[in-house]
Amino acid sequence: MIKERNEKLKIIPLGGCEEVGRNMTVFEYGKDILVLDLGIQFPEEDMPGINYVIPDTSYLRGKEKNIQGIVFSHGHMDHIGAAPLLINKLGNPPIVGRPFTIEMIKYRQEDYSRGTSKSLKTICIKDVNEKIHLGSFTLGFFQVDHAIIDAIGVIISTPAATVIHPGDWMIEHNPIGREKISYNHLANLPRPTVLMLESLGATNSKKPVTEKQMMENIKKLIREAPGRIIIATFSSQVERIKQIIEYGGQINKKVALDGFSLKMAVEIAKNLGYIKTKEGVITTTENISDYPDNRVIVMCTGAQGEENAALAKIIDGVHRFIRIKKSDTVVFSSSVIPGNERTVQRIRDKLYRQSDNVIHSEIMDVHASGHSNIKDIQDIIEQIKPNYYIPVYAYHYMLKESAKIARAAGVLKENIVVPDNGSIIEASPKGIRPLEKKLPINYVFVDGSGIGDIGEVVLNDRKKLAEEGMFVVVVVVDKKTGKVKGSPDIISRGFVYLRESKELLSETRKKLIGMINKTTQSNGPVNWPNMKEEIKNKLGDFLFSRTERRPIIIPVIIEV
Ligand SMILES: [Zn+2]
């Protein structure tokens, strides 16, 4: 008993504290472990060929049996996307979440590997007021507003401290059909309390767009559209999609849904009873030509410029049923996710060439952000009055700004910890502090070929290939004499235009022949791997001296 009282709560973010995405946090009390969120991160511009990045879970290797459960705050990909790849690896512990979140995870799991969602152990939070006991942890929950239905805040109670984690959150100042949420009750939880606050809006001083304003604008656009209206949004914006479908029904317009993830989200929401559609309102893109243009609403994915999404297909003219017409109104009901700026800008340019009515959130409030601004961050901290404060789920500079806001909201400096991925933070009634030693955290990359088999080396090669090109030399060597036979073959891509570089190539060939003949004529057996290294280095220096570029050099030596 006494030992237990001295136990500290360890809080270890494994991802999501130096980037937007791959969110994952480990809580450890005694031997017991609880995990919050298993998200993916979308690749940045310096990660060519990477589909996404997942959290590095090496710390949990060998501790699988101690994992009491995994809680999911909501169903966005940066919180659940790595679930199909990691749940089994973590020993298939129970997963906890609201109905929509759990269904999204099951769907993703099936999509990843058919028939495997049945083996998931799910604990569905039916009522926000229920309590769930998992080992030394007691879980409670609270309502939050965010850009997806069934988002939930989590209260993790241990004898050492109580953690309050809203997941992603915002304050909706003018909600439709529900009350504005208050967080005052969280100030009454057993102390000390640790507030871990998603801080993506910590540098945003703009006044938030309210749900009501946004919907009024979208409805007006739908009502007054001279032709078809095509609305691109996030597939997880089920509430918005629902309202648009309902409004379409009211004014006798047809709604066609397009994009796998959007259809999937609507299907799940319909099954759970969140969306009730009037008979005949929803149609397919195949059938929209049966109706006059001004009676058609298309809702689709691809607002981030994703290559294979519905909107890109429509704009590129490769969609099976839809081409953009000048009279179409196209609405981006979305924000630009950090990292996608260039892609979105390109798709907008293409679209502006095809339609005269393109609307996005820079020119009209057609999107309400799911993240709070500076003022609301200060407001929620003042309502919750935490003892300790840990800003999370954003870039480092945003976490630092969030810490400043917490100071302004009255949290003491020594009670604020700005974490990195791999920080180990100990909390107890005596205080909160990060251990000096951090866990090493690697990028775990996922591309078409698999998980984690693309390390930094492969990634560097890809970057180099993209920037400097490649240079393959094929040399045939006579086994008996050790001499180079004929002239070495040279193949290059993305480096120099071979036909205009005859001189460079003939010099390269001479150098190669010289190098190989020198080695093979000397005494003793030839060490070919060493020979190849030498070719790479010497040829690399030579090519650099002539071109100031360093292509990837691949020597191929064939003995005949
Ligand atoms: Zn989210």
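**Salt bridges across a predicted chain**

Buried residues make up 53% of the chain's 560 residues. Keep in mind that this is a predicted model.

**Exercise 1.** Work out what the chain is built from and how its contacts are spread along the sequence.

*Solution.* Start with secondary structure: you get 14 helices and 26 strands. Next, take the contacts with a separation of 6 or more; 71% of them pair residues 24 or more positions apart.

**Exercise 2.** Take stock of the charges, then of the salt bridges.

*Solution.* Count the side chains: 77 are positive and 68 negative. The centres of these two sets lie 3 Å apart. Then search the whole structure, and 20 salt bridges turn up.

**Exercise 3.** Find what Asp356 pairs with, and decide whether Asp356 is buried or exposed.

*Solution.* Look for the partner: Lys326 forms a salt bridge with Asp356, with the closest N and O atoms 3.5 Å apart. Now place the two: Asp356 sits in the loop between helix H9 and strand S18, and Lys326 in the loop between helix H8 and strand S17, 30 residues apart. Finally, check accessibility. Asp356 has 55%, so it counts as exposed, the cut-off being over 50%. Lys326, at 46%, is partly exposed.

**Exercise 4.** Locate the salt bridge between Glu507 and Arg546.

*Solution.* The N to O distance is 2.6 Å. Glu507 belongs to helix H13 and Arg546 to helix H14, so the pair, 39 residues apart, links distant parts of the chain. Both ends come out partly exposed: Glu507 at 24% and Arg546 at 46%. Elsewhere, salt bridges with shared partners tie Lys8, Glu426 and Arg433 into one network.

Notes: Residues are numbered from 1 along each chain as its sequence is written. This is a predicted model: local features need pLDDT of at least 70, side-chain atom pairs count only at pLDDT 80 or more; totals for chains, interfaces and linings use all residues. Side-chain values use heavy atoms; hydrogens and water are left out. Helices (H or I, at least four residues) and strands (E, at least two) are DSSP runs, numbered from the N terminus. Buried means under 20% relative accessible area, exposed over 50%, partly exposed in between (1.4 Å probe, protein chains only). Contact means heavy atoms within 4.5 Å. Lys and Arg count as positive and Asp and Glu as negative; His and the chain ends are not counted. The place of a charge is taken as NZ of Lys, CZ of Arg, CG of Asp or CD of Glu. A salt bridge is a side-chain nitrogen of Lys or Arg within 4 Å of a carboxyl oxygen of Asp or Glu.
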